[in-house]
Amino acid sequence: MPRPLIATIHLDAMQHNLACARASARGAKVWAVVKANAYGHGLERAMRGFAGADGLALVEVDYAVRLRELGWTKPILLLEGFFDASDLPVMAQHKLNGSVHCEEQIAMLAAARLPHAIDVHLKMNTGMNRLGFTPQAVAAAYARLRAMPHIGTITLMTHFANADEAGPTRLPLAQQMLRFEAGAASIGAAGEGTRLPRSLCNSAGVLLHQLDSDWVRPGIMLYGGTPSGTSAQAFGLLPTMTLRSSIIGIQEIAAGEVVGYGSRYEAAGNIKVGVVACGYADGYPRHAPEGTPVLVDGVRTSLIGRVSMDMLMVDLTHVPGARVGSSVTLWGQGMPIDEVALAAGTIGYELMCALAPRVPVVEATQ
């Protein structure tokens, strides 16, 4: 019999969350972000779960080609663009859109001889200070791209640093938008007669802000997580990945006894300890502290002791019906992944993406 740990992917929830994103996008087209193997869900599943999207966005050229091989015919956007001149013929052949964010990429495009035009997203650095041209430099970058015969549509893009922050920040979204509009205006002043299409919003931007954008790029919200302090449920989002296991052992211990590596947890009274077949080698965060929520047979309880490679322990004292074989939900349906992540001092993105290859992944039956 296989180990009881299994991750279940809910395609219907992916479709539902995409519909939520579209409803919040004010008529903008939707890039469904499927980077990091679709946040651990698998490219092929994401392609079906997000079949209604206007395009798919990711960072890996080879995975973009794989999407074409799987039958995706709508647009694909490479969020980090291309990494070498050898990527450009591949992009042209498979009709891949690419972000252009530095002078080196423009130089590679200028030297390229491509059989087909490629569409690009010209990235503006409005304060995130990762990738992109400053608002002062973006007009010159645009002019160079527009002069190339093998460049098709040019879309202006930026990325928000703090769209998920409700309170004051060192870089407010409004300030980034002012910088973006200044950069866009400089392109117009340089002779571009029409307003360029723009791609602005990630999940936080879609959920929390009403911005004028032609394309949006939701990621975590499509998978039932939220980038903000508000629960995903409050936005009507559904969990797309449920990680379940079973109790594989039970210990009855007395007050003063300790549990797990390092003997970090000491029982204050007589307790029942359940051992769950899941550990950090499966992608569960090793640093998750005591009190991290877990469901056992649908009853909320919590982690005790230190997470080990293949196992973790939970308090069964107030789950009287628990036994070896009882169902355990680590996150997903009934146990919001954001709540688990918050307790562990991380974010839901990391938990999804860290799911280990040894964990079997199945699709929920409809």
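Let me start right after helix α5, at Lys95, where phi is positive, near 55 degrees. Bear in mind that this is a predicted model, so that angle comes from predicted coordinates.

The helix just before that residue, α5, covers residues 87–94. Its buried residues are Asp87, Leu88, Met91, Ala92 and His94. What lies over them? The cover includes two helices, α4 (61–70) and α6, along with the strands β4 (76–78), β5 (96–100) and β6 (118–123).

One of those neighbours, α4, is worth a closer look. The axes of α4 and α5 come within 11 Å and cross at roughly 20 degrees. An angle under 35 degrees counts as roughly parallel, and α4 and α5 are therefore roughly parallel to each other. Their crossing is left-handed. On the α4 side the residues in the contact are Val61, Val65 and Arg68, and on the α5 side they are Asp87, Val90 and His94. Sorted by class, that contact of α4 with α5 has 3 nonpolar, 1 polar and 2 charged residues. Two of the α5 residues in it, Asp87 and His94, also appear among the buried residues of that helix.

As for the spacing, an α-helix has 3.6 residues a turn, so residues three or four places apart point the same way.

Next, α6, which is also part of the cover over α5. This helix runs over residues 103–111, and its partner here is α7, residues 138–146. The two axes come within 10 Å and cross at roughly 15 degrees. By the cut-off I gave, under 35 degrees, α6 and α7 are therefore roughly parallel to each other. The crossing of α6 and α7 is again described as left-handed. Which residues meet? From α6 there are Glu103, Ile106, Ala107 and Leu109, and from α7 there are Ala141, Arg144 and Leu145. The residues of that contact divide into 5 nonpolar, no polar and 2 charged.

Staying in α6, look at Gln105. Is Gln105 buried or exposed? Its relative accessibility is 2%, and buried means under 20%, so Gln105 counts as buried. Outside its sequence neighbourhood of four places either way, Gln105 touches Glu80, Gly81, Phe82, Ser99 and Val100. Of these, Ser99 and Val100 fall within the range of β5, 96–100.

Now a loop residue. Ala53 sits between α3 (43–49) and β3 (55–58). With a relative accessible area of 0%, Ala53 is buried. Which residues does Ala53 contact, leaving aside neighbours within four places in sequence? They are Leu18, Arg22, Val30, Ala32, Trp72 and Lys74. For a distance, take Ala53 and Ala19: 34 residues separate them in sequence, and their C-alpha atoms are 9.0 Å apart.

Val30, which touches Ala53, leads to the next residue. The C-alpha atoms of Val30 and Arg217 are 6.2 Å apart, although the sequence separation is 187 residues. Arg217 belongs to the loop between β9 (215–216) and β10 (241–253). Arg217 counts as buried, at 6% relative accessibility. How is its side chain engaged? There is a polar contact with the side chain of Ser199 at 2.8 Å, and another with the side chain of His159 at 3.4 Å. Beyond four places in sequence, the contacts of Arg217 include Trp31, Val33, Leu79, Met157, Thr158, Leu200 and Cys201.

Just before Ser199 comes Arg198, in strand β8, residues 198–201. Arg198 also counts as buried, at 7% relative accessibility. Its side chain makes a polar contact of 2.8 Å with the side chain of Glu181. With residues up to four places away left out, Arg198 touches Thr155, Leu156, Phe180, Glu181, Ala184, Asp212, Ser213, Asp214 and Trp215. Trp215 falls within β9, residues 215–216.

To finish, the whole chain. The protein has 366 residues, and 53% of them count as buried. Its secondary structure comes to 11 helices and 18 strands. The C-alpha trace spans about 80 × 45 × 35 Å along its principal axes. Taking contacts between residues at least 6 apart in sequence, 63% join residues at least 24 apart. The pair of Arg217 and Val30, 187 residues apart in sequence, is where I would point on the screen for long separations.

Conventions: Residues numbered from 1 in each chain as written. Predicted model: local features only at pLDDT ≥ 70, side-chain atom pairs only at ≥ 80, totals over all residues. Heavy atoms only, no water. Axes fitted to C-alpha atoms, helices over the stretch in contact; angles between N-to-C directions. Helix = DSSP H or I, 4+ residues; strand = E, 2+ residues; numbered from the N terminus. Parallel < 35°, antiparallel > 145°, perpendicular 65-115°, else oblique. Left-handed = near helix turned anticlockwise from the far one by under 90°. Contact = heavy atoms within 4.5 Å. Nonpolar A, V, L, I, M, F, W, Y, C, P; charged D, E, K, R; others polar. Buried < 20%, exposed > 50% of the residue type's maximum accessible area, 1.4 Å probe, protein only. Polar contact = N/O pair within 3.5 Å; in protein donor to acceptor, adjacent residues only side chain to side chain.
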